[in-house]
Amino acid sequence: MSYQERYAASMMNTFGPPNAVLTRGSGARVWDDAGREYLDLLGGIAVNALGHAHPAIVEAVTTQLQTLGHVSNFFATAPQVELAERLVALLGTPGKVFLSNSGAEANEAALKLTRRTGRTQVVAATGSFHGRTMGALSLTSKEAYRLPFEPLPGDVTFVPYGDAAALAEAVTQRTAAVVLEPIQGEAGVVVPPDGYLAAARDLTIRAGALLWLDEVQTGIGRTGRWFAHHAVPELLDAAPDLVTLAKGLGGGIPIGATIATGAAADLLEPGNHGSTYGGNPVACAAALAVLDTIAAEGLLDQVARTGKRLADAVAEAPEVAAVRGAGLMIGADLHADLGPAVVEAGREAGFILNSTGPRTLRFVPPLVLSDADVDAFAQAWPGILAAAGAPR
Ligand SMILES: *Cc1c(COP(=O)(O)O)cnc(C)c1O
């Protein structure tokens with residue numbers, strides 16, 4: 001029996017059949033069980049920030065595991081404390097960190113923290129994705145994800161993403177928090193209009209509510225900055241109260257982080273929350289290696305450059321109606337409903353692509369993607385679109 005058949009027989013069918021069985025990776029490339037090579041323009045969904053098998057992560061994880069692999073919340077470890085300090089320093093405003101194991105968990109911690117304000121209402125956006133646990137799901141707008149699991153934790157109000165007037169109407173003195181992705185990822189890389197996040201900051205300050213930015217996908221260099229919201233000058237002056245991270249932070253080793261600033265940093269008290277694995281020294285060592293490598297290799301500048309090169313290459317094709325995003329978080333709309341066909345044709349041509357909707361593609365490759373990688377894709381791109389049946 002093939003691994004795909006064994007997968008179907010042994011794994012719960014939560015995702016649908018896998019596209020291929022991958023056996024190894026190196027840099028921005030992966031190989032399947034037939035030995036076929038692919039350029040990975042999905043990066044484990046914005047997770048493999050340093051690509052696959054990066055020596056800095058391998059070294060950090062190996063050394064840490066040989067030294068001390070796990071303790072518990074009864075003890076502190078150096079990697080845990082150093083990571084928390086580094087994240088706060090990168091954010092650029094005083095704060096404190098809760099460490100967990102995934103994006104959903106980072107958001108669960110933040111959601112519980114918002115309840116400690118004494119208010120319960122959370123305002124979230126249509127098109128949002130915040131994770132699949134019950135709390136994170138209650139903030140995720142997609143009906144297909146929510147409906148089978150209702151009733152979900154309550155008092156969530158959805159407003160259209162990018163509409164500052166709608167946000168102003170929804171946020172009142174009973175609002176605990178506004179939760180927003182600085183750029184919506186799962187929705188297909190949706191960039192809000194200029195001034196939207198600044199308006200959210202202003203509104204929340206005036207209502208005494210927390211501004212919570214979910215940077216699980218946009219954070220840690222993805223957009224060419226440590227945090228996507230650093231592109232908004234108003235948020236450098238008045239930082240968000242909560243920032244959640246995961247995906248790229250561990251470079252493939254599971255980790256989540258909830259950063260709270262100002263008074264929000266002290267809302268969770270002993271007994272309020274916990275995670276047995278959270279702050280695991282191996283995961284923290286991996287995250288520190290990711291942060292060190294992004295800084296040492298100048299990846300933020302590189303991401304800005306390769307991101308533009310990739311966006312230009314994608315936009316070059318006449319089949320593409322629109323391209324948007326920041327850094328190496330790029331969304332593209334096609335003129336026709338060919339998203340899944342393009343993904344399949346891409347795989348045939350040796351490229352791992354992703355569609356978030358019938359005519360929307362998302363590119364979130366490793367941050368180490370090179371100019372040569374982009375050029376290899378640019379050369380194959382017209383052929384991929386033609387093979388997908390795109391009318392010209
Ligand atoms: C992926 C994602 C999550 C959920 O992360 P998991 O690690 O899958 O739980 C939450 N928020 C955003 C913005 C994401 O992109």
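Which residues are around the ligand? The close-ups below take that up, using a predicted model.

**View 1. The residues around the ligand.** Here's the full cast: Ser102, Gly103, Ala104, Asn107, Phe129, His130, Gly131, Glu181, Asp214, Val216, Gln217 and Lys247. Sort this shell by character and you get 3 nonpolar, 6 polar and 3 charged residues. Helix 5, which runs over residues 103-115, chips in 3 residues, the largest share of the shell.

**View 2. Polar contacts to the ligand.** Start with the backbone: an N or O atom of Gly103 sits 2.8 Å from a ligand oxygen. Ala104 does much the same job of pairing, with a backbone N or O atom 2.7 Å from an oxygen atom of the ligand. For Asp214 look at the side chain instead, where an N or O atom is 2.7 Å from a nitrogen atom of the ligand. As for cover, the ligand on its own has 380 Å² of accessible area, and the protein covers 82% of that.

**View 3. Lys247 and its surroundings.** Lys247 belongs to the set of residues around the ligand. In the chain, this lysine is found in the loop that links strand 9 (242-245) with strand 10 (256-261). Leaving out residues up to four places away in sequence, Lys247 touches Ile45, Ala46, Val47, Glu186, Val216 and Gln217. Val216 and Gln217 also turn up in the list of residues around the ligand.

**View 4. The record for Lys247.** What does UniProt list at Lys247? The unreviewed entry gives "modified residue: N6-(pyridoxal phosphate)lysine" for this position.

Technical notes: Residues are numbered from 1 along each chain as its sequence is written. This is a predicted model: local features need pLDDT of at least 70, side-chain atom pairs count only at pLDDT 80 or more; totals for chains, interfaces and linings use all residues. Side-chain values use heavy atoms; hydrogens and water are left out. UniProt positions are given in the numbering used here, feature names are shortened, and annotations may be inferred rather than shown by experiment. Helices (H or I, at least four residues) and strands (E, at least two) are DSSP runs, numbered from the N terminus. Contact means heavy atoms within 4.5 Å. A residue is near a molecule or strand if one of its heavy atoms lies within 4 Å of it. A polar contact is a pair of N or O atoms within 3.5 Å; within protein, one must be able to donate a hydrogen and the other to accept it, and residues adjacent in sequence count only if both atoms are side-chain atoms. Accessible areas come from the Shrake-Rupley method with a 1.4 Å probe; for residues, only the protein chains shown count as cover. Ala, Val, Leu, Ile, Met, Phe, Trp, Tyr, Cys and Pro count as nonpolar, Asp, Glu, Lys and Arg as charged, and the others, Gly among them, as polar.
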